[in-house]
Amino acid sequence: MRVLFQGAGAIGIAGAALFTDSHEVAVVSRSAGPNGRAALPRRVSTFDPTDSGQTTADHGSWSVTRVAATRRVTITDWVEAAAAGRWDLIVLTTRPGDLDPEVVSAIRDISPRFIATTSQVEGDLERARAEFPGIEVVVFGPAFLSERLEPIALTAGAQDSGMRQTDRTVEPGREVRFWAPAGAPRFLVAGPWSTVRPLVRGLGRLVLSVPMEAVVLPPTVFLPFVAELSVHDGNWGALKSHLDRPAKAASEAVRGRLGVPIPVFGFAARVVLEALERTVPIDVTKYAGRHFARHQGQTRDMLAGWAPSSDAADSADPAIALRELIAAMDESR
């Protein structure tokens, strides 16, 4: 398939790198310019067969390649993307309601068969469908971690590993590192089966078809903890000392989604957080604060979507912890 990732951020660049072995892929950005540019995602792993030995210890026994040794990703603009012909799938890494009118117009002109939105904010799937009538729309849940890095230069090591500069130059500040579990799908995909089936057939093992609940429910559990982390300015230790409120908020969010009470306990959250510290190769104690600080607005919108207003909530079904967490986020911003 021909896949276009909208947005040259961490998800778009890492997603393109993960797809490029099996599909024709590009990332599109309004600031790419007529000659395009390149990004060189860096892969975090215990063993990277494309690594030339240039690694540094980063997290326990794991390592990070010093230079981009996985895949070179092309970043283009909308004019060039349209000139390249028909794209089968456009993956939106920006919320549908936040797309500039020029971008919306460009996507409509390209008219792909499929659009996937990575936003799981309440109502965004419906917004995407309304924005792009006649195009089949699904939800993609990323199954990898990624983040933007500080600017680096294309070094001799990058060229030794097979990365050659062409007329598309590498732009500083577009470097991304990512981690994807070996053998796992790269995105969970949910939507009408008539839409999902041909998409899964085309993308193969890169995606896994799941019920919509399997995509939208996990955030109801972990995002309250992300919000609490934001309240404490990304301090992982402070989060682990304040697990009761996000645990109660997660229980309220899950109940709001499923309609049945399913408790989330602070001690269980601590076990999960400590397991992440030991098993994820990217240092989550630093990564989480950096990454989610860039997405506080989206986190807040998701919490608000799960919390009824004070007038709508009654004593039998309150969302006290969710609203308290939202207020704390507002105060800390």
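**Reasoning about salt bridges, sheet and helix**

User: Why is the contact between the side chains of Arg 2 and Glu 24 called a salt bridge?

Analyst: In this predicted model, the side chains of Arg 2 and Glu 24 meet with 3.0 Å from N to O. The cut-off is a side-chain nitrogen of Lys or Arg within 4 Å of a carboxyl oxygen of Asp or Glu, so the pair qualifies. The pair links distant parts of the chain: Arg 2 belongs to strand β1 (residues 2-6) and Glu 24 to strand β2 (residues 24-28), 22 residues apart.

User: How do you know whether Arg 2 and Glu 24 are buried or exposed?

Analyst: Buried means under 20% relative accessible area and exposed means over 50%, with partly exposed in between. Arg 2 has 16% and is therefore buried. Glu 24 has 45%, so this residue counts as partly exposed.

User: What makes Arg 108 and Glu 131 a salt bridge, and which elements do they link?

Analyst: The N to O distance between their side chains is 3.1 Å, and the limit is 4 Å, so the pair meets the criterion. Arg 108 sits in helix α3 (residues 101-110) and Glu 131 in helix α4 (residues 124-131), with their positions 23 residues apart in the chain. Arg 108 is at 43% relative accessibility and is therefore partly exposed. Glu 131, at 26%, is partly exposed as well.

User: Why can the pair of Arg 290 and Glu 147 be said to tie together parts of the chain?

Analyst: The closest N and O atoms of Arg 290 and Glu 147 are 2.8 Å apart, and the two residues form a salt bridge. Arg 290 lies in helix α11 (residues 284-293) and Glu 147 in strand β11 (residues 145-148), so parts 143 residues apart in sequence are tied together. Arg 290 is partly exposed at 36%, whereas Glu 147 is buried at 2%.

User: How many salt bridges does the whole structure have, and which residues are linked in a network?

Analyst: The search of the whole structure finds 15 salt bridges. Arg 95, Asp 124, Arg 127 and Asp 301 are linked in a network of them.

User: What makes the sheet open and its pairing mixed or uniform, and which strands are at its edges?

Analyst: The sheet has 9 strands in the order β3-β7-β2-β1-β8-β9-β10-β13-β14, and the pairing is mixed. The edge strands are β3 (37-39) and β14 (207-209), each of which pairs on one side only. From one strand to the next, the twist averages 30°.

The two senses can be seen within this order. β1 and β8 pair in the parallel sense over 4 bridges, whereas β10 and strand β13 (residues 187-190) run antiparallel, also joined by 4 bridges. Two strands pair if there are at least two bridges between them, so each of these contacts satisfies the criterion.

User: How do you know which residues face each other across β1, β8 and β9?

Analyst: Across β1 and β8, Val 3 stands opposite Leu 89 and Gln 6 stands opposite Leu 92. Leu 92 also stands opposite Thr 117 in β9. β8 and strand β9 (residues 114-117) pair in the parallel sense over 4 bridges. The chain passes from β8 through α3 to β9 in a right-handed β-α-β crossover.

User: What makes strand β8 covered on both faces?

Analyst: In a regular strand the side chains alternate between the two faces of the sheet. In β8 (residues 89-92), Leu 89 and Val 91 lie on one side and Ile 90 and Leu 92 on the other, and all are buried.

User: Why is strand β10 described as mostly covered, and what does it pair with?

Analyst: Strand β10 (residues 136-142) has 5 of its 7 residues buried. With β9 it pairs in the parallel sense over 4 bridges, and Ala 116 stands opposite Val 138 in β10. The crossover from β9 through α4 to β10 is right-handed. Towards β13, the bridge partner of Gly 141 is Leu 188.

User: How do you know how the reach of helix α7 compares with the expected span, and where is its kink?

Analyst: Helix α7 (residues 212-231) has 20 residues and reaches 29 Å from its first C-alpha to its last, close to the expected 28 Å. A kink of about 35° lies at Phe 222, shortly before Pro 224. The helix is mostly covered, with 14 of its 20 residues buried. Just after α7, Asp 233 takes a positive phi of about 55°.

How values were computed:
Residues numbered from 1 in each chain as written. Predicted model: local features only at pLDDT ≥ 70, side-chain atom pairs only at ≥ 80, totals over all residues. Heavy atoms only, no water. Helix = DSSP H or I, 4+ residues; strand = E, 2+ residues; numbered from the N terminus. Expected span 1.5 Å × (residues − 1). Bend = angle between axes of the 7 residues up to and from the residue. Buried < 20%, exposed > 50% of the residue type's maximum accessible area, 1.4 Å probe, protein only. Right-handed = clockwise from strand over helix to strand, strands pointing away. Axes fitted to C-alpha atoms, helices over the stretch in contact; angles between N-to-C directions.
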